[in-house]
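Grab your viewer and a coffee. Here are a few exercises on charged side chains and strand pairing, each with a worked solution.

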Amino acid sequence: MLRKFFIETGRYFLFLGMVFKKPEKWRIFWKQFILEADKLIVSSVVLVSVISVFIGGVLVIQTASNMNNPFLDRMLVGYMVRESLILEFCSTMVALILAGKVGSNIASELGSMRITDQIDAIEMMGVNSASFLVLPKVLSVTLLSPLLVLLSFCLGLFGGWVVVAVTSIIPVAKYFTGLKYFFSEFYVFYSCVKMSIFCFMIASIAAYKGYYAHGGALGVGRSSTKSIVVSCILILMFDLIITQLMLY
Amino acid sequence: MIKIEHLDKSFGDLHVLNDISIEYRQGLCNMIIGASGSGKTVLLKTIIGLLKPDGGTVTFNGQNISELPYEEMKRFRQHIGVLFQNSALFDFATVIENVMFPMDFFTDWSRKEKIRRAEYCLERVNVQGNEKKYPGELSGGMQKRVGIARAIALNPKYLICDEPNSGLDPETSILIDRLIYGLTKEFGMTTIINTHDMNSILEIGDNIGFLHQGRMLWQGDRKTIFDTDCEELRTFVCANSLARNIMERKHL
Ligand SMILES: Nc1ncnc2c1ncn2[C@@H]1O[C@H](COP(=O)(O)OP(=O)(O)OP(=O)(O)O)[C@@H](O)[C@H]1O
Ligand SMILES: [Mg+2]
(Lines give C-alpha, C1' and ligand atoms only; values in the text may rest on other atoms or scores of the structure.)
(Ligands and ions follow the chains in the order given, each with its own letter.)
Protein backbone atom coordinates (compact mmCIF):
# COMPACT_ATOMS: atom_id res chain seq x y z
CA MET A 1 0.00 0.00 0.00
CA LEU A 2 2.68 2.46 1.07
CA ARG A 3 4.95 1.05 -1.61
CA LYS A 4 2.25 1.57 -4.20
CA PHE A 5 1.79 5.14 -3.03
CA PHE A 6 5.47 5.92 -3.56
CA ILE A 7 5.55 4.22 -6.96
CA GLU A 8 2.49 6.16 -8.11
CA THR A 9 3.88 9.44 -6.82
CA GLY A 10 7.18 8.83 -8.56
CA ARG A 11 5.47 7.95 -11.80
CA TYR A 12 3.30 11.04 -11.50
CA PHE A 13 6.34 13.32 -11.25
CA LEU A 14 8.09 11.55 -14.13
CA PHE A 15 4.90 12.10 -16.11
CA LEU A 16 4.98 15.80 -15.26
CA GLY A 17 8.56 15.86 -16.51
CA MET A 18 7.37 14.53 -19.84
CA VAL A 19 4.50 17.01 -19.97
CA PHE A 20 6.61 20.09 -19.27
CA LYS A 21 8.78 19.81 -22.36
CA LYS A 22 9.01 22.53 -24.91
CA PRO A 23 6.18 22.02 -27.44
CA GLU A 24 7.30 20.90 -30.89
CA LYS A 25 5.60 23.86 -32.50
CA TRP A 26 4.26 26.87 -30.65
CA ARG A 27 1.60 27.52 -33.25
CA ILE A 28 0.08 24.09 -32.65
CA PHE A 29 0.41 24.55 -28.91
CA TRP A 30 -1.55 27.83 -28.91
CA LYS A 31 -4.22 26.34 -31.10
CA GLN A 32 -4.64 23.48 -28.63
CA PHE A 33 -4.47 25.89 -25.70
CA ILE A 34 -7.42 27.87 -27.01
CA LEU A 35 -9.41 24.74 -27.80
CA GLU A 36 -8.81 23.38 -24.31
CA ALA A 37 -9.60 26.69 -22.65
CA ASP A 38 -12.90 26.66 -24.44
CA LYS A 39 -13.63 23.03 -23.64
CA LEU A 40 -12.57 23.09 -20.00
CA ILE A 41 -13.00 26.65 -18.68
CA VAL A 42 -15.54 28.44 -20.87
CA SER A 43 -17.85 25.45 -20.79
CA SER A 44 -17.76 25.49 -16.97
CA VAL A 45 -19.01 29.05 -16.76
CA VAL A 46 -22.69 28.15 -16.65
CA LEU A 47 -22.23 25.51 -13.96
CA VAL A 48 -20.09 27.77 -11.80
CA SER A 49 -22.52 30.67 -12.26
CA VAL A 50 -25.58 28.73 -11.22
CA ILE A 51 -23.87 27.29 -8.18
CA SER A 52 -22.46 30.63 -7.11
CA VAL A 53 -25.78 32.46 -7.28
CA PHE A 54 -27.47 29.83 -5.14
CA ILE A 55 -24.62 29.59 -2.64
CA GLY A 56 -24.66 33.37 -2.23
CA GLY A 57 -28.39 33.31 -1.57
CA VAL A 58 -28.20 30.44 0.89
CA LEU A 59 -25.30 32.02 2.74
CA VAL A 60 -27.27 35.21 3.31
CA ILE A 61 -30.21 33.34 4.83
CA GLN A 62 -28.04 31.12 7.00
CA THR A 63 -25.86 33.94 8.24
CA ALA A 64 -28.82 36.22 8.94
CA SER A 65 -30.68 33.51 10.83
CA ASN A 66 -27.64 32.92 13.03
CA MET A 67 -27.10 36.59 13.79
CA ASN A 68 -30.44 37.88 15.05
CA ASN A 69 -28.83 39.08 18.26
CA PRO A 70 -29.90 42.78 18.53
CA PHE A 71 -26.41 43.81 19.68
CA LEU A 72 -24.93 42.73 16.31
CA ASP A 73 -25.11 45.19 13.47
CA ARG A 74 -27.16 43.68 10.56
CA MET A 75 -24.48 45.01 8.25
CA LEU A 76 -22.25 42.18 9.49
CA VAL A 77 -24.37 39.71 7.52
CA GLY A 78 -23.11 41.21 4.26
CA TYR A 79 -19.58 41.28 5.61
CA MET A 80 -19.62 37.63 6.61
CA VAL A 81 -21.19 36.47 3.39
CA ARG A 82 -18.48 38.28 1.46
CA GLU A 83 -15.72 36.79 3.58
CA SER A 84 -17.03 33.22 3.38
CA LEU A 85 -17.45 33.50 -0.35
CA ILE A 86 -14.00 34.81 -1.13
CA LEU A 87 -12.12 32.78 1.45
CA GLU A 88 -13.62 29.39 0.88
CA PHE A 89 -16.59 28.96 -1.39
CA CYS A 90 -15.35 30.58 -4.58
CA SER A 91 -12.13 28.63 -4.62
CA THR A 92 -12.41 25.40 -2.66
CA MET A 93 -16.05 24.65 -3.31
CA VAL A 94 -15.81 25.54 -6.98
CA ALA A 95 -12.59 23.54 -7.27
CA LEU A 96 -14.31 20.48 -5.81
CA ILE A 97 -17.02 20.82 -8.41
CA LEU A 98 -14.49 21.31 -11.20
CA ALA A 99 -12.65 18.22 -10.00
CA GLY A 100 -15.76 16.34 -11.04
CA LYS A 101 -16.42 18.12 -14.28
CA VAL A 102 -12.98 18.98 -15.63
CA GLY A 103 -11.26 15.99 -14.04
CA SER A 104 -13.58 13.39 -15.49
CA ASN A 105 -13.50 15.13 -18.85
CA ILE A 106 -9.69 15.03 -19.05
CA ALA A 107 -9.30 11.52 -17.64
CA SER A 108 -11.91 9.94 -19.86
CA GLU A 109 -10.69 11.71 -22.98
CA LEU A 110 -7.07 10.66 -22.49
CA GLY A 111 -8.09 7.22 -21.25
CA SER A 112 -10.11 6.47 -24.34
CA MET A 113 -7.26 7.71 -26.52
CA ARG A 114 -4.93 5.38 -24.67
CA ILE A 115 -7.00 2.24 -25.01
CA THR A 116 -7.67 2.82 -28.71
CA ASP A 117 -3.93 3.25 -29.43
CA GLN A 118 -4.33 6.92 -30.38
CA ILE A 119 -1.66 7.95 -27.89
CA ASP A 120 0.69 5.32 -29.31
CA ALA A 121 -0.10 6.62 -32.78
CA ILE A 122 0.93 10.15 -31.78
CA GLU A 123 4.05 8.82 -30.13
CA MET A 124 4.92 6.79 -33.25
CA MET A 125 4.77 9.89 -35.40
CA GLY A 126 7.63 11.24 -33.35
CA VAL A 127 5.54 13.66 -31.30
CA ASN A 128 5.77 13.84 -27.52
CA SER A 129 2.20 12.77 -26.82
CA ALA A 130 2.24 13.82 -23.15
CA SER A 131 3.34 17.33 -23.98
CA PHE A 132 1.06 17.67 -27.01
CA LEU A 133 -2.07 16.40 -25.27
CA VAL A 134 -1.61 17.37 -21.65
CA LEU A 135 0.37 20.62 -21.52
CA PRO A 136 -2.37 22.74 -23.15
CA LYS A 137 -4.95 21.29 -20.78
CA VAL A 138 -2.92 21.81 -17.62
CA LEU A 139 -1.81 25.30 -18.54
CA SER A 140 -5.17 26.58 -19.71
CA VAL A 141 -6.91 25.29 -16.61
CA THR A 142 -4.22 26.61 -14.26
CA LEU A 143 -3.93 30.04 -15.82
CA LEU A 144 -7.59 30.73 -16.52
CA SER A 145 -9.28 29.26 -13.45
CA PRO A 146 -8.78 32.47 -11.37
CA LEU A 147 -11.27 34.07 -13.75
CA LEU A 148 -13.80 31.55 -12.54
CA VAL A 149 -13.07 32.62 -8.95
CA LEU A 150 -13.78 36.24 -9.82
CA LEU A 151 -16.93 35.28 -11.67
CA SER A 152 -18.09 33.09 -8.83
CA PHE A 153 -17.39 35.83 -6.28
CA CYS A 154 -19.38 38.46 -8.16
CA LEU A 155 -22.29 36.13 -8.81
CA GLY A 156 -22.28 34.91 -5.21
CA LEU A 157 -22.64 38.47 -3.99
CA PHE A 158 -25.34 39.00 -6.60
CA GLY A 159 -27.21 35.93 -5.40
CA GLY A 160 -27.04 37.28 -1.87
CA TRP A 161 -28.40 40.62 -3.01
CA VAL A 162 -31.31 38.93 -4.78
CA VAL A 163 -32.28 37.14 -1.58
CA VAL A 164 -31.88 40.30 0.49
CA ALA A 165 -33.96 42.30 -1.96
CA VAL A 166 -36.71 39.73 -2.25
CA THR A 167 -37.03 38.68 1.39
CA SER A 168 -35.83 41.91 3.09
CA ILE A 169 -34.16 39.63 5.62
CA ILE A 170 -31.85 42.61 6.27
CA PRO A 171 -32.09 46.09 4.73
CA VAL A 172 -30.51 46.24 1.28
CA ALA A 173 -28.40 49.26 2.21
CA LYS A 174 -26.98 47.36 5.20
CA TYR A 175 -26.04 44.48 2.90
CA PHE A 176 -24.03 46.81 0.70
CA THR A 177 -22.36 48.54 3.65
CA GLY A 178 -21.35 45.09 4.86
CA LEU A 179 -19.92 44.15 1.51
CA LYS A 180 -17.65 47.18 1.56
CA TYR A 181 -16.66 46.86 5.21
CA PHE A 182 -12.92 46.18 5.70
CA PHE A 183 -12.43 44.83 2.21
CA SER A 184 -9.03 43.20 1.70
CA GLU A 185 -7.76 42.74 -1.86
CA PHE A 186 -5.26 40.23 -0.57
CA TYR A 187 -8.06 37.76 0.05
CA VAL A 188 -8.99 37.90 -3.62
CA PHE A 189 -5.39 37.25 -4.54
CA TYR A 190 -5.20 34.41 -2.02
CA SER A 191 -8.32 32.85 -3.45
CA CYS A 192 -7.05 33.06 -7.01
CA VAL A 193 -3.70 31.51 -6.11
CA LYS A 194 -5.46 28.74 -4.26
CA MET A 195 -7.70 28.05 -7.23
CA SER A 196 -4.77 27.92 -9.63
CA ILE A 197 -3.01 25.37 -7.49
CA PHE A 198 -6.16 23.29 -7.09
CA CYS A 199 -6.83 23.35 -10.80
CA PHE A 200 -3.27 22.39 -11.59
CA MET A 201 -3.71 19.35 -9.37
CA ILE A 202 -7.07 18.47 -10.87
CA ALA A 203 -5.83 18.65 -14.45
CA SER A 204 -2.49 16.96 -13.92
CA ILE A 205 -3.84 14.11 -11.81
CA ALA A 206 -6.71 13.46 -14.19
CA ALA A 207 -4.29 13.57 -17.12
CA TYR A 208 -1.93 11.18 -15.37
CA LYS A 209 -4.69 8.71 -14.59
CA GLY A 210 -6.13 8.91 -18.08
CA TYR A 211 -2.77 8.74 -19.82
CA TYR A 212 -1.93 5.47 -18.08
CA ALA A 213 -5.42 3.98 -18.26
CA HIS A 214 -5.61 0.30 -19.14
CA GLY A 215 -8.21 -2.41 -19.18
CA GLY A 216 -10.68 -1.30 -21.82
CA ALA A 217 -13.68 0.95 -21.36
CA LEU A 218 -13.99 -0.16 -17.75
CA GLY A 219 -10.44 0.95 -17.11
CA VAL A 220 -11.25 4.38 -18.50
CA GLY A 221 -14.16 4.71 -16.09
CA ARG A 222 -11.99 3.53 -13.24
CA SER A 223 -9.26 6.02 -14.02
CA SER A 224 -11.73 8.86 -14.19
CA THR A 225 -13.32 7.93 -10.84
CA LYS A 226 -9.94 7.54 -9.19
CA SER A 227 -8.72 10.87 -10.46
CA ILE A 228 -11.75 12.62 -8.96
CA VAL A 229 -11.34 10.94 -5.58
CA VAL A 230 -7.63 11.67 -5.39
CA SER A 231 -7.94 15.28 -6.46
CA CYS A 232 -10.80 15.98 -4.04
CA ILE A 233 -8.76 14.70 -1.11
CA LEU A 234 -5.70 16.63 -2.22
CA ILE A 235 -7.72 19.81 -2.68
CA LEU A 236 -8.89 19.69 0.91
CA MET A 237 -5.40 18.91 2.21
CA PHE A 238 -3.81 21.68 0.22
CA ASP A 239 -6.57 24.05 1.26
CA LEU A 240 -5.34 23.64 4.80
CA ILE A 241 -1.67 23.99 3.87
CA ILE A 242 -2.06 27.01 1.60
CA THR A 243 -4.31 28.78 4.09
CA GLN A 244 -1.80 28.26 6.87
CA LEU A 245 1.00 29.54 4.64
CA MET A 246 -0.75 32.56 3.17
CA LEU A 247 -3.06 33.81 5.88
CA TYR A 248 -1.35 33.14 9.13
CA MET B 1 16.84 -3.09 -43.03
CA ILE B 2 15.38 -4.16 -39.74
CA LYS B 3 17.21 -6.85 -37.83
CA ILE B 4 15.73 -8.65 -34.87
CA GLU B 5 17.88 -10.81 -32.65
CA HIS B 6 16.78 -13.12 -29.85
CA LEU B 7 13.74 -11.07 -28.98
CA ASP B 8 11.89 -12.05 -25.80
CA LYS B 9 8.77 -10.53 -24.33
CA SER B 10 6.45 -11.64 -21.57
CA PHE B 11 3.55 -10.17 -19.67
CA GLY B 12 3.79 -11.51 -16.14
CA ASP B 13 3.75 -15.29 -16.48
CA LEU B 14 2.64 -15.21 -20.09
CA HIS B 15 5.62 -15.73 -22.39
CA VAL B 16 4.36 -14.06 -25.59
CA LEU B 17 7.54 -13.85 -27.68
CA ASN B 18 10.19 -16.52 -27.46
CA ASP B 19 13.70 -16.00 -28.88
CA ILE B 20 12.72 -14.45 -32.20
CA SER B 21 15.42 -13.66 -34.74
CA ILE B 22 14.64 -12.45 -38.23
CA GLU B 23 15.80 -9.93 -40.80
CA TYR B 24 13.61 -7.61 -42.84
CA ARG B 25 15.21 -6.26 -45.98
CA GLN B 26 14.52 -3.00 -47.74
CA GLY B 27 12.16 -2.93 -50.71
CA LEU B 28 10.40 -6.11 -49.69
CA CYS B 29 6.93 -6.77 -48.33
CA ASN B 30 7.82 -8.65 -45.19
CA MET B 31 4.99 -10.49 -43.53
CA ILE B 32 4.33 -11.83 -40.11
CA ILE B 33 1.64 -14.45 -40.29
CA GLY B 34 0.06 -16.54 -37.59
CA ALA B 35 -3.16 -17.41 -35.86
CA SER B 36 -5.04 -15.00 -33.67
CA GLY B 37 -3.28 -14.62 -30.34
CA SER B 38 0.04 -15.90 -31.63
CA GLY B 39 1.75 -12.64 -30.69
CA LYS B 40 1.85 -10.76 -34.00
CA THR B 41 0.75 -7.43 -32.60
CA VAL B 42 3.08 -7.75 -29.64
CA LEU B 43 5.99 -8.50 -31.98
CA LEU B 44 5.16 -5.50 -34.13
CA LYS B 45 4.84 -3.19 -31.15
CA THR B 46 8.13 -4.44 -29.77
CA ILE B 47 9.83 -3.83 -33.11
CA ILE B 48 8.70 -0.22 -33.24
CA GLY B 49 9.60 0.35 -29.62
CA LEU B 50 6.14 0.80 -28.10
CA LEU B 51 6.76 -2.25 -25.93
CA LYS B 52 10.08 -2.82 -24.23
CA PRO B 53 11.62 -6.21 -24.96
CA ASP B 54 12.69 -8.32 -21.99
CA GLY B 55 15.66 -9.54 -23.96
CA GLY B 56 17.20 -9.24 -27.42
CA THR B 57 17.66 -6.31 -29.76
CA VAL B 58 15.95 -4.59 -32.66
CA THR B 59 18.18 -2.62 -35.00
CA PHE B 60 17.06 -0.32 -37.80
CA ASN B 61 19.92 0.01 -40.32
CA GLY B 62 22.40 -0.82 -37.61
CA GLN B 63 20.79 1.58 -35.11
CA ASN B 64 19.60 -0.09 -31.92
CA ILE B 65 16.50 1.94 -31.19
CA SER B 66 15.95 0.85 -27.62
CA GLU B 67 19.24 2.57 -26.73
CA LEU B 68 18.33 5.90 -28.29
CA PRO B 69 17.56 8.81 -25.96
CA TYR B 70 13.97 10.04 -26.19
CA GLU B 71 14.67 13.10 -28.35
CA GLU B 72 16.53 11.07 -30.97
CA MET B 73 13.97 8.32 -30.80
CA LYS B 74 11.34 10.95 -31.64
CA ARG B 75 13.34 12.11 -34.64
CA PHE B 76 13.81 8.53 -35.75
CA ARG B 77 10.12 7.74 -35.51
CA GLN B 78 9.28 10.39 -38.08
CA HIS B 79 10.53 7.91 -40.66
CA ILE B 80 8.23 5.12 -39.53
CA GLY B 81 4.66 4.98 -40.77
CA VAL B 82 2.42 2.82 -38.62
CA LEU B 83 -1.06 1.47 -39.16
CA PHE B 84 -2.52 0.08 -35.95
CA GLN B 85 -4.80 -2.92 -35.83
CA ASN B 86 -7.78 -0.77 -34.84
CA SER B 87 -6.68 2.14 -37.09
CA ALA B 88 -6.22 4.50 -34.10
CA LEU B 89 -7.52 7.53 -35.98
CA PHE B 90 -7.82 10.67 -33.88
CA ASP B 91 -11.43 11.15 -32.81
CA PHE B 92 -10.89 14.87 -32.35
CA ALA B 93 -9.97 15.46 -35.98
CA THR B 94 -11.66 15.03 -39.34
CA VAL B 95 -10.38 12.56 -41.90
CA ILE B 96 -8.29 15.12 -43.74
CA GLU B 97 -6.95 16.60 -40.49
CA ASN B 98 -5.93 13.11 -39.46
CA VAL B 99 -3.86 12.71 -42.59
CA MET B 100 -2.46 16.23 -42.24
CA PHE B 101 -1.51 15.71 -38.59
CA PRO B 102 2.08 14.55 -39.16
CA MET B 103 2.54 17.25 -41.81
CA ASP B 104 1.53 19.93 -39.31
CA PHE B 105 4.38 18.87 -37.08
CA PHE B 106 7.17 18.04 -39.46
CA THR B 107 6.79 20.12 -42.58
CA ASP B 108 6.70 23.83 -43.31
CA TRP B 109 4.27 23.39 -46.14
CA SER B 110 1.47 25.89 -46.63
CA ARG B 111 -2.03 24.79 -45.78
CA LYS B 112 -2.80 24.39 -49.46
CA GLU B 113 0.14 22.09 -50.05
CA LYS B 114 -0.79 19.99 -47.03
CA ILE B 115 -4.36 19.64 -48.22
CA ARG B 116 -3.17 18.68 -51.69
CA ARG B 117 -0.85 16.04 -50.28
CA ALA B 118 -3.53 14.69 -47.94
CA GLU B 119 -6.06 14.50 -50.76
CA TYR B 120 -3.52 12.66 -52.87
CA CYS B 121 -2.93 10.11 -50.10
CA LEU B 122 -6.66 9.62 -49.56
CA GLU B 123 -7.13 9.16 -53.27
CA ARG B 124 -4.54 6.42 -53.38
CA VAL B 125 -6.45 4.43 -50.76
CA ASN B 126 -9.79 5.16 -52.41
CA VAL B 127 -11.54 7.17 -49.70
CA GLN B 128 -11.93 10.49 -51.47
CA GLY B 129 -15.13 12.40 -50.74
CA ASN B 130 -15.05 11.82 -46.98
CA GLU B 131 -12.54 14.50 -46.03
CA LYS B 132 -14.87 16.43 -43.75
CA LYS B 133 -16.19 13.42 -41.84
CA TYR B 134 -15.03 12.33 -38.40
CA PRO B 135 -13.58 8.83 -37.90
CA GLY B 136 -16.67 7.80 -35.92
CA GLU B 137 -18.76 8.36 -39.03
CA LEU B 138 -16.72 5.95 -41.18
CA SER B 139 -16.99 2.21 -41.57
CA GLY B 140 -14.22 0.06 -40.14
CA GLY B 141 -12.72 -0.60 -43.54
CA MET B 142 -12.70 3.07 -44.41
CA GLN B 143 -10.99 3.88 -41.13
CA LYS B 144 -8.32 1.36 -41.99
CA ARG B 145 -7.71 2.99 -45.33
CA VAL B 146 -7.53 6.46 -43.81
CA GLY B 147 -5.03 4.97 -41.35
CA ILE B 148 -2.89 3.84 -44.27
CA ALA B 149 -3.17 7.26 -45.88
CA ARG B 150 -1.95 8.83 -42.63
CA ALA B 151 0.90 6.33 -42.37
CA ILE B 152 2.20 7.13 -45.86
CA ALA B 153 1.62 10.88 -45.60
CA LEU B 154 5.30 11.70 -45.23
CA ASN B 155 6.79 8.95 -47.39
CA PRO B 156 8.22 6.93 -44.51
CA LYS B 157 11.28 4.74 -44.88
CA TYR B 158 9.62 2.02 -42.86
CA LEU B 159 5.99 1.06 -43.16
CA ILE B 160 4.49 -1.08 -40.43
CA CYS B 161 0.93 -2.35 -40.88
CA ASP B 162 -1.01 -4.39 -38.37
CA GLU B 163 -3.63 -6.27 -40.35
CA PRO B 164 -4.17 -3.71 -43.10
CA ASN B 165 -6.97 -5.67 -44.72
CA SER B 166 -8.89 -7.37 -41.96
CA GLY B 167 -12.50 -6.28 -42.21
CA LEU B 168 -12.24 -5.25 -45.84
CA ASP B 169 -14.11 -6.78 -48.76
CA PRO B 170 -11.94 -8.90 -51.10
CA GLU B 171 -11.86 -6.23 -53.76
CA THR B 172 -10.69 -3.40 -51.51
CA SER B 173 -8.45 -5.84 -49.73
CA ILE B 174 -6.53 -6.67 -52.88
CA LEU B 175 -6.41 -2.97 -53.71
CA ILE B 176 -4.79 -2.19 -50.37
CA ASP B 177 -2.35 -5.05 -50.78
CA ARG B 178 -1.30 -3.81 -54.18
CA LEU B 179 -1.06 -0.27 -52.90
CA ILE B 180 1.29 -1.28 -50.11
CA TYR B 181 3.26 -3.46 -52.49
CA GLY B 182 3.50 -0.67 -55.05
CA LEU B 183 4.60 1.90 -52.49
CA THR B 184 7.18 -0.47 -51.09
CA LYS B 185 8.77 -1.00 -54.49
CA GLU B 186 8.35 2.61 -55.59
CA PHE B 187 9.98 4.24 -52.57
CA GLY B 188 12.16 1.35 -51.48
CA MET B 189 10.47 1.16 -48.10
CA THR B 190 11.03 -1.58 -45.60
CA THR B 191 7.54 -2.87 -45.04
CA ILE B 192 6.32 -5.23 -42.35
CA ILE B 193 2.76 -6.49 -42.51
CA ASN B 194 0.88 -8.53 -39.93
CA THR B 195 -1.80 -10.66 -41.40
CA HIS B 196 -3.66 -13.93 -41.32
CA ASP B 197 -5.24 -13.39 -44.71
CA MET B 198 -4.10 -16.14 -47.08
CA ASN B 199 -4.99 -14.01 -50.07
CA SER B 200 -2.54 -11.23 -49.24
CA ILE B 201 0.09 -13.74 -48.24
CA LEU B 202 -0.01 -15.25 -51.71
CA GLU B 203 -0.34 -11.89 -53.41
CA ILE B 204 2.47 -9.87 -51.87
CA GLY B 205 4.45 -11.98 -49.39
CA ASP B 206 8.11 -11.47 -50.35
CA ASN B 207 9.41 -12.68 -47.05
CA ILE B 208 7.12 -14.50 -44.69
CA GLY B 209 7.68 -15.42 -41.09
CA PHE B 210 5.24 -17.80 -39.45
CA LEU B 211 4.61 -17.08 -35.79
CA HIS B 212 3.15 -19.81 -33.62
CA GLN B 213 2.69 -19.39 -29.90
CA GLY B 214 5.43 -16.81 -29.76
CA ARG B 215 7.99 -18.75 -31.80
CA MET B 216 9.07 -18.07 -35.35
CA LEU B 217 8.59 -21.58 -36.72
CA TRP B 218 9.12 -21.02 -40.41
CA GLN B 219 10.53 -18.44 -42.77
CA GLY B 220 10.22 -18.30 -46.54
CA ASP B 221 8.25 -16.58 -49.30
CA ARG B 222 4.96 -16.99 -51.13
CA LYS B 223 6.46 -19.50 -53.55
CA THR B 224 7.86 -21.84 -50.96
CA ILE B 225 4.97 -21.71 -48.51
CA PHE B 226 3.29 -24.76 -50.06
CA ASP B 227 6.43 -26.87 -49.84
CA THR B 228 6.77 -26.47 -46.11
CA ASP B 229 7.00 -29.45 -43.86
CA CYS B 230 6.23 -27.41 -40.75
CA GLU B 231 3.08 -29.10 -39.49
CA GLU B 232 1.64 -26.00 -37.77
CA LEU B 233 2.08 -23.89 -40.88
CA ARG B 234 0.36 -26.50 -43.05
CA THR B 235 -2.59 -26.51 -40.71
CA PHE B 236 -2.66 -22.71 -40.89
CA VAL B 237 -2.48 -22.69 -44.69
CA CYS B 238 -5.02 -25.47 -45.16
CA ALA B 239 -7.65 -23.58 -43.22
CA ASN B 240 -8.15 -21.67 -46.45
CA SER B 241 -9.97 -23.88 -48.97
CA LEU B 242 -8.25 -22.51 -52.07
CA ALA B 243 -4.86 -22.89 -50.47
CA ARG B 244 -5.80 -26.39 -49.37
CA ASN B 245 -6.58 -27.31 -52.96
CA ILE B 246 -3.22 -26.05 -54.16
CA MET B 247 -1.46 -27.81 -51.34
CA GLU B 248 -3.21 -31.10 -52.03
CA ARG B 249 -2.47 -30.93 -55.73
CA LYS B 250 1.20 -30.18 -55.05
CA HIS B 251 1.60 -33.11 -52.73
CA LEU B 252 -0.26 -35.64 -54.83
N1 LIG C 1 -0.81 -5.59 -22.78
C2 LIG C 1 -0.92 -6.91 -22.61
N3 LIG C 1 -0.93 -7.44 -21.36
C4 LIG C 1 -1.01 -8.77 -21.17
N5 LIG C 1 -1.09 -9.66 -22.17
C6 LIG C 1 -1.08 -9.22 -23.43
C7 LIG C 1 -1.00 -7.82 -23.72
N8 LIG C 1 -1.02 -7.66 -25.05
C9 LIG C 1 -1.11 -8.89 -25.57
N10 LIG C 1 -1.16 -9.84 -24.61
C11 LIG C 1 -1.23 -11.30 -24.83
O12 LIG C 1 -0.29 -11.64 -25.81
C13 LIG C 1 -0.79 -12.65 -26.67
C14 LIG C 1 -0.61 -12.24 -28.11
O15 LIG C 1 -1.42 -11.13 -28.40
P16 LIG C 1 -1.39 -10.38 -29.79
O17 LIG C 1 -2.26 -9.18 -29.65
O18 LIG C 1 0.00 -10.15 -30.20
O19 LIG C 1 -2.07 -11.42 -30.77
P20 LIG C 1 -2.21 -11.30 -32.35
O21 LIG C 1 -1.34 -12.34 -32.93
O22 LIG C 1 -1.97 -9.91 -32.78
O23 LIG C 1 -3.72 -11.71 -32.56
P24 LIG C 1 -4.80 -11.07 -33.58
O25 LIG C 1 -4.56 -11.70 -34.89
O26 LIG C 1 -6.09 -11.51 -32.98
O27 LIG C 1 -4.62 -9.61 -33.56
C28 LIG C 1 -2.24 -12.88 -26.27
O29 LIG C 1 -2.32 -14.09 -25.56
C30 LIG C 1 -2.58 -11.72 -25.36
O31 LIG C 1 -3.40 -12.20 -24.32
MG1 LIG D 1 -3.06 -8.38 -33.53
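**Exercise 1.** Find the partner of Lys74(B) in a salt bridge, and work out whether each of the two residues is buried or partly exposed.

*Solution.* Keep in mind that you're looking at a predicted model.
- Step 1: Lys74(B) pairs with Glu71(B), with 3.5 Å between the closest N and O atoms. The cut-off is 4 Å, so the contact counts as a salt bridge.
- Step 2: place the pair. Both residues sit in helix α2 (residues 70-77) of chain B, 3 residues apart, or about one turn of the helix.
- Step 3: check the accessibility. Lys74(B) comes out at 8% relative accessibility, so it counts as buried, since buried means under 20%.
- Step 4: Glu71(B) has 38% relative accessibility and therefore counts as partly exposed.

**Exercise 2.** Which residue forms a salt bridge with Lys114(B), and which helices hold the two partners?

*Solution.*
- Step 1: the partner is Asp104(B), with the closest N and O atoms 2.9 Å apart.
- Step 2: Lys114(B) belongs to helix α4 (residues 111-124) of chain B, while Asp104(B) belongs to helix α3 (residues 95-106) of chain B. They are 10 residues apart, and the pair links distant parts of the chain.
- Step 3: both Lys114(B) and Asp104(B) are buried.

**Exercise 3.** Now hop over to chain A. Describe the contact between Arg82(A) and Glu83(A), then list the residues networked with Glu36(A).

*Solution.*
- Step 1: the side chains of Arg82(A) and Glu83(A) meet in a salt bridge, 2.9 Å from N to O.
- Step 2: Arg82(A) and Glu83(A) are both buried.
- Step 3: Glu36(A) is linked with Lys39(A), Glu109(A) and Lys137(A) in a network of salt bridges.
- Step 4: for the overall tally, the structure has 23 salt bridges over all chains.

**Exercise 4.** Back to chain B: how many bridges join strand β1 to strand β2, and how many join β1(B) to strand β4?

*Solution.*
- Step 1: β1 (residues 2-11) and β2 (residues 14-24) of chain B run antiparallel and are joined by 7 bridges. Trace one of the pairs: Lys3(B) has Glu23(B) in β2(B) as its bridge partner.
- Step 2: look at the turn. The hairpin of β1(B) and β2(B) has 2 residues between the strands, and Gly12(B) takes a positive phi near 60° there.
- Step 3: β1(B) and strand β4 (residues 55-60) of chain B also run antiparallel, with 5 bridges joining them. In this pairing, Glu5(B) stands opposite Thr57(B) in β4(B).

How values were computed. Residues are numbered from 1 along each chain as its sequence is written. Chains are lettered from A and ligands numbered from 1 in the order in which they are written. This is a predicted model: local features need pLDDT of at least 70, side-chain atom pairs count only at pLDDT 80 or more; totals for chains, interfaces and linings use all residues. Side-chain values use heavy atoms; hydrogens and water are left out. Buried means under 20% relative accessible area, exposed over 50%, partly exposed in between (1.4 Å probe, protein chains only). Helices (H or I, at least four residues) and strands (E, at least two) are DSSP runs, numbered from the N terminus. Two strands pair if DSSP finds at least two bridges between them.
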